[in-house]
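Student: Hi, I have a model open and would like to talk it through with you. Could we begin with the parts to treat with care?

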Amino acid sequence: NQSYSAAPQLSWKQEDRFEMRELRQILQLWDKTSQAAEEAVLATVVKTSGSSYRNPGARLLLTQQGQRAGSISGGCLEEDLVKKAWWLTENGPVVRRYDTTPDGEIGSGFGLGCNGIIHVLLQRVRPGETNVLHQLAQVSATRAPAAWAHVLEPSPGQSLCVTANGDTRGDLSSSLPREIVREQMELALSALESRHLQIGSAELFVETLH
């Protein structure tokens, strides 16, 4: 028997204008990067505790040429990712934990208001593959929402997508109960909310794209 829990996280309504502008910038940079047949690193905030500038779902796209779009903090994390994101993802997706509390690894000396713990999913994105950026572009073009589940543990980078018309695609491990995950994704999609799932020892972040 699998035990699982889910809690709504965000409604996304307060930052719609900012997020739409930022989304356009990310998608424009990704389109340019894809046309150049280059890969990039996508950083996505997947969990926070305490104070943070950005909610789960915030993104930063970093290209091999040093260009970037989006943000995941008020400035206290971006520079670290510019320096480390490529070698951190050499062996595949990872979840990077940043402690920005006064006693954490990134202290309060930045003076930028960060004062919490932020978990960031780092993964390479490549032209021609179906990834969350591909789905975001479709959502932006069609105005039809979708839900995207990111596996955080035990295999970061696995994902599942459920669209508004019920289409499903993704590469979840066979150890994960796909039907339970899908059911929770459909609930998140109908409420236009994002949520975290704990299913046994597995942890997932389900976000709605709209």
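Tutor: Sure. This is a predicted model, and over residues 7-12 pLDDT stays under 50; pLDDT is the predictor's confidence in each residue, from 0 to 100.

Student: How many contacts beyond four places in sequence does the model have for residues 7-12?

Tutor: There are 22 of them, where contact means heavy atoms within 4.5 Å. Residues 107-113 also stay under 50, and the model has 10 such contacts for that stretch.

Student: And where is confidence lowest and highest among the elements?

Tutor: Strand 1 (residues 4-10) is lowest, with a mean of 49, and strand 3 (residues 59-63) is highest, at 95. For the chain, the mean pLDDT is 84, with 83% of residues at 70 or more. Helices (H or I, at least four residues) and strands (E, at least two) are DSSP runs, numbered from the N terminus.

Student: Any ground rules for the numbers?

Tutor: Residues are numbered from 1 along each chain as its sequence is written, and side-chain values use heavy atoms, leaving out hydrogens and water. As the model is predicted, local features need pLDDT of at least 70 and side-chain atom pairs count only at pLDDT 80 or more, while totals for chains, interfaces and linings use all residues.

Student: Good. What does the secondary structure come to?

Tutor: The chain has 4 helices and 11 strands. Of its 210 residues, 46% are buried, meaning under 20% relative accessible area (exposed is over 50%, partly exposed in between; 1.4 Å probe, protein chains only).

Student: Let's try helix 3. Which of its residues are buried?

Tutor: In helix 3 (residues 132-142), they are V132, L133, Q135, L136 and V139. Those buried residues fall within an arc of 155° seen down the axis, so they line one face of the helix; the arc is that of the directions from the helix axis to the C-beta atoms. A141 and T142, on the other side, are exposed.

Student: What caps the N-terminal end of helix 3?

Tutor: N131 does, with a side-chain oxygen 2.9 Å from the backbone nitrogen of L133. N131 sits in the loop between strand 6 (115-125) and helix 3.

Student: Is N131 buried or exposed?

Tutor: N131 counts as buried because its relative accessibility is 6%. Beyond its neighbours within four places in sequence, N131 touches W30, V125, R126 and W148. Its side chain also makes a polar contact of 3.3 Å with that of E129; such a contact is a pair of N or O atoms within 3.5 Å, where within protein one must be able to donate a hydrogen and the other to accept it, and residues adjacent in sequence count only if both atoms are side-chain atoms.

Student: Changing topic: why is strand 7 largely enclosed?

Tutor: In strand 7 (residues 146-153), 7 of the 8 residues are buried, so the rest of the structure largely encloses it.

Student: Which strands does strand 7 pair with?

Tutor: Strand 7 runs antiparallel to strand 8 (residues 159-163) over 5 bridges, and 7 bridges join it, also antiparallel, to strand 11 (residues 202-209). Two strands pair if DSSP finds at least two bridges between them. H150 has S159 in strand 8 as its bridge partner, and E153 has E203 in strand 11.

Student: And what lies between strand 7 and strand 8?

Tutor: They form a hairpin with 5 residues between them, and G157 in the turn has a positive phi of about 105°.
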